[in-house]
Amino acid sequence: MNEDCIFCKIVAGEIPSDEVYQDEWVYAFRDINPAAPTHVLIIPKEHVVNTNELRDEHKDIAAALLLAAPKIAAQEGIAESGYRLIMNNGPDGRQEVMHMHLHVLGGARMQHPMG
Ligand code: AMP
């Protein structure tokens, strides 16, 4: 755990969150400032800053992040209607919280940043 990290504090239960899903590797909760009707963040329980820090020993974490997404989508009722998975990395990638997280956005058709 990183003592200065708000997402580590969420995993530890020191900051409240609206839990959606968890397993051995990841924790998922509703984004406090939703950008879509369904907006869930999936984070590794272990502190990893972003994809730059991923190493071979993080295979379980990397897989668990992606595998949690369709489970959450099904749970939220957006698996068939569709959803976007976004991971922001670093300053130009608009990463604000420096604990890796995968955004699950659905419930409405969203603008596509790549046109
Ligand atoms: P990013 O720009 O990819 O780093 O996104 C960080 C996300 O974390 C934003 O969408 C915030 O709304 C969200 N966020 C920050 N603090 C909290 C919190 N305490 N609970 C839930 N979501 C949060």
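This passage describes the aromatic pairs and the ligand surroundings in a predicted model.

Two aromatic pairs were counted. In one of them, Phe 7 and Phe 29 have ring centres 5.4 Å apart and ring planes at 85°, so the pair is edge-to-face; the cut-off for this class is an angle over 60 degrees. This pair joins distant parts of the chain, since Phe 7 belongs to helix H1 (residues 6-11) and Phe 29 to strand S2 (residues 26-30), with their positions 22 residues apart. Phe 7 and Phe 29 are both buried. The rings of Tyr 27 and Phe 29 have centres 5.8 Å apart and planes at 25°, and the pair is therefore stacked, as planes under 30 degrees apart are classed in this way. Tyr 27 is buried, with a relative accessible area of 8%, and the corresponding value for Phe 29, also buried, is 4%. Together, Phe 7, Tyr 27 and Phe 29 make up one aromatic cluster.

The ligand is surrounded by 16 residues, of which Asp 31, Asn 88, Glu 96, His 101 and His 103 come nearest. Oxygen atoms of the ligand are approached by a polar side-chain atom of Asn 88 at 2.8 Å, by a backbone N or O atom of Glu 96 at 2.6 Å and by a polar side-chain atom of His 101 at 2.7 Å. The ligand taken alone exposes 510 Å², and the protein buries 84% of that area. The largest pocket holds the ligand. Elements H1 and S2 each give two or more residues to the shell around the ligand, and H1 supplies the largest share, three residues.

Notes
Residues are numbered from 1 along each chain as its sequence is written. This is a predicted model: local features need pLDDT of at least 70, side-chain atom pairs count only at pLDDT 80 or more; totals for chains, interfaces and linings use all residues. Side-chain values use heavy atoms; hydrogens and water are left out. Rings of Phe, Tyr and Trp (its six-membered ring) pair if their centres lie within 6.5 Å; planes under 30 degrees apart count as stacked, over 60 as edge-to-face and the rest as tilted. Helices (H or I, at least four residues) and strands (E, at least two) are DSSP runs, numbered from the N terminus. Buried means under 20% relative accessible area, exposed over 50%, partly exposed in between (1.4 Å probe, protein chains only). A residue is near a molecule or strand if one of its heavy atoms lies within 4 Å of it. A polar contact is a pair of N or O atoms within 3.5 Å; within protein, one must be able to donate a hydrogen and the other to accept it, and residues adjacent in sequence count only if both atoms are side-chain atoms. Accessible areas come from the Shrake-Rupley method with a 1.4 Å probe; for residues, only the protein chains shown count as cover. On a 1 Å grid over the protein atoms alone, a cavity is a set of points where a 1.4 Å probe fits but cannot get out, and a pocket is an open set with protein on both sides within 12 Å along at least five of seven lines; lining residues have an atom within 4 Å of a point. A molecule sits in a cavity or pocket if more than half of its atoms lie within 2 Å of its grid points.
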